[in-house]
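Student: I have a structure in front of me and do not know how to read it. Can we go through some features one at a time?

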Amino acid sequence: MASSSTALSPPKPSWITPERLLAIFCVINLINYVDRGAIASNGVNGSRRSCSKSGTCTSGRGIQGDFNLSNFEDGVLSSAFMVGLLVACPIFASLAKSVNPFRLIGVGLSVWTVAVVGCGFSINFWSITVCRMLVGVGEASFISLAAPFIDDNAPPAKKTLWLGMFYMFIPAGYAAGYVYGGLVGDHFSWRYAFFGEAVLMLPFAVLGFVMKPLQLKGFAPAESTEALTSIETTSLEVQDTDVSVVKGSMKSSKSKCAFVDLKQFSRFMKDLKVLLLDKVYVVNVIGYIVYNFVLGAYSYWGPKAGYSIYNMSNADLIFGGITIVCGIVGTLAGGYVLDLINSTISNAFKLLSAVTFAGAIFCFSAFCFKSMYPFLALFAIGELFVFATQAPVNFICLHCVKPSLRPISMAISTVAIHLFGDVPSSPLVGVLQDQTNNWRKTALILTFILFPAAVIWFIGIFLHSVDRFDEASEHPEVTTTDGSDTTPLLDRKAAGTTETSAEP
């Protein structure tokens, strides 16, 4: 009876409060995007070797100068992390059903840290390219799983605001990375910029292993650490198999592993089919792809277009400043407004279509002005509206699916917006500019694409949508032996309070 009473009692309060969890994830997200900004900075990326007509040669600087990279190789280097990210995102999301997701984040951040150190020690183009791909692999676990953790533990009235706080560190981190890379690269060496990032991330990688693991809503907890090597053997329903015989036979063990892998792949394809048949999810992601197509090209070509159209001598600084300020304010405002008008999927679609349409009008109008100052004012207002989409669009990805599908929902969304959005947009806009040879016309055509994104999200308002956050898990209740917390932090705190008030 005593043991039964102990098993039913709520877990002891953890030092990881919802606020601390949010803060930890925000800092990790910041460091992630500091790395992206740093490798694009002049101090780290540098310039290639060159020779003048008079025969005077410069050795170049940064990565491009040290490895004598062509512009094509330099472009490959800047986007190499996408390869690892796109491949690993679905894998980590699928593994979240059999391995504790918080441990997966720890594994991912460890890979990220080692890969960043490898970037600092790289000796040529291929070595640093492979390391950048591994950076994407490490980042994939965090990108897929952080948002569901925040969604689980945020106060109900502030869910979208908390998502907004998390996503605002994307523009903030990128801009901070540009400054950080410039300072470290100019005063020391580009290699030290990567070493510094690794030092910053290492404590969080260790934290993922040493702290009591948290469990995502809608997932059966791993029964033991054997789940890391034997994936969901319970779900395979092999009760008739003699375990001792399996362990003693090498051949049957290999067959079992192959069967487990096949089962894992089959489950992933089944989950993917569910997502692709969900009209709300598909419409949301299509709108997100179109939106990200424009933002990706803005981030790459914006300063160059600004310099060409308005003769901005410090276009990098101006566009960077607008991005960081409008990114932070706009992202937070989008989350706050959705919470204020009631966080529903229908309201999220209304907000997405409204702010995207408004942002498109202001940004389009900005490029119509010949004077720089009206352009900057209107473009800044447009950026505020455009960045207000970050929290609502991810809210829909998290709440239109069952809790157990949230990691793969975020993973597929991330893969789609990069694969069909910002990755092809930069070269396509470059081709367009080669044809028009007019940056104003190119910028207007690019900005106009925001209007279809607003229309697509507007269609989502009329789709039948159900918030599935509280939908029952597909997994039966399982007793844990690995010490993981299976209750969201807020629920655990409420349970502890109830128990205290019930005591005589």
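Student: In which helix does Val107 lie?

Tutor: The model is predicted, and in it Val107 is part of helix α7, which spans residues 101-121.

Student: Is Val107 buried, partly exposed or exposed?

Tutor: A residue is placed in one of these classes by its relative accessible area; buried means under 20% and exposed over 50%. Val107 has 34% relative accessibility, so Val107 counts as partly exposed.

Student: Which residues form a nonpolar patch with Val107 on the surface?

Tutor: Val107 is joined there by Leu202, Val206, Phe209 and Val210, and the accessible area of the patch is about 430 Å² together. Helix α11, residues 190-210, gives the most to this patch, with 4 residues.

Student: How many disulfides are there?

Tutor: A disulfide needs two cysteine sulfur atoms within 2.5 Å. By that rule the count is 0.

Student: Why is Cys131 without a bond to Cys119?

Tutor: Cys119 holds the cysteine sulfur closest to that of Cys131, but the distance is 4.8 Å, which is too far for a bond. Cys131 also counts as buried, because its relative accessibility is 14%.

Student: What about Cys400: how far away is the nearest cysteine sulfur?

Tutor: That sulfur belongs to Cys397 and is 6.3 Å away, and Cys400 is in no disulfide. Cys400 has 3% relative accessibility and therefore counts as buried.

Student: Which residues touch the most other members of the largest nonpolar core?

Tutor: A nonpolar core is a set of buried residues joined through side-chain atoms. The largest one here has 129 residues, and those touching the most other members are Phe25, Ile63, Phe349, Phe375 and Phe379. Helix α14, residues 279-310, supplies the largest share of this core, 17 residues.

Student: What does Phe349 touch, leaving out residues up to four places away in sequence?

Tutor: Its contacts are Val280, Val283, Asn284, Ile396, Trp457, Gly460 and Ile461.

Student: Now the whole chain. How many helices and strands does the secondary structure have?

Tutor: It comes to 22 helices and 2 strands. The chain has 504 residues, of which 51% count as buried.

Student: What share of the contacts joins residues at least 24 apart in sequence?

Tutor: The share is 82%, taken among contacts between residues at least 6 apart in sequence.

Student: And what is the accessible surface of the chain?

Tutor: The accessible surface comes to about 23600 Å², and 66% of that belongs to carbon and sulfur atoms.

Note on methods: Residues numbered from 1 in each chain as written. Predicted model: local features only at pLDDT ≥ 70, side-chain atom pairs only at ≥ 80, totals over all residues. Heavy atoms only, no water. Buried < 20%, exposed > 50% of the residue type's maximum accessible area, 1.4 Å probe, protein only. Patch = residues over 30% accessible without salt bridge, like charges linked within 9 Å, V, L, I, M, F, W, Y side chains within 5 Å. Areas by Shrake-Rupley, 256 points an atom, 1.4 Å probe, with all protein chains shown as cover. Salt bridge = Lys/Arg side-chain N within 4 Å of Asp/Glu carboxyl O. Core = buried A, V, L, I, M, F, W, Y, C linked by side-chain atoms within 4.5 Å. Contact = heavy atoms within 4.5 Å.
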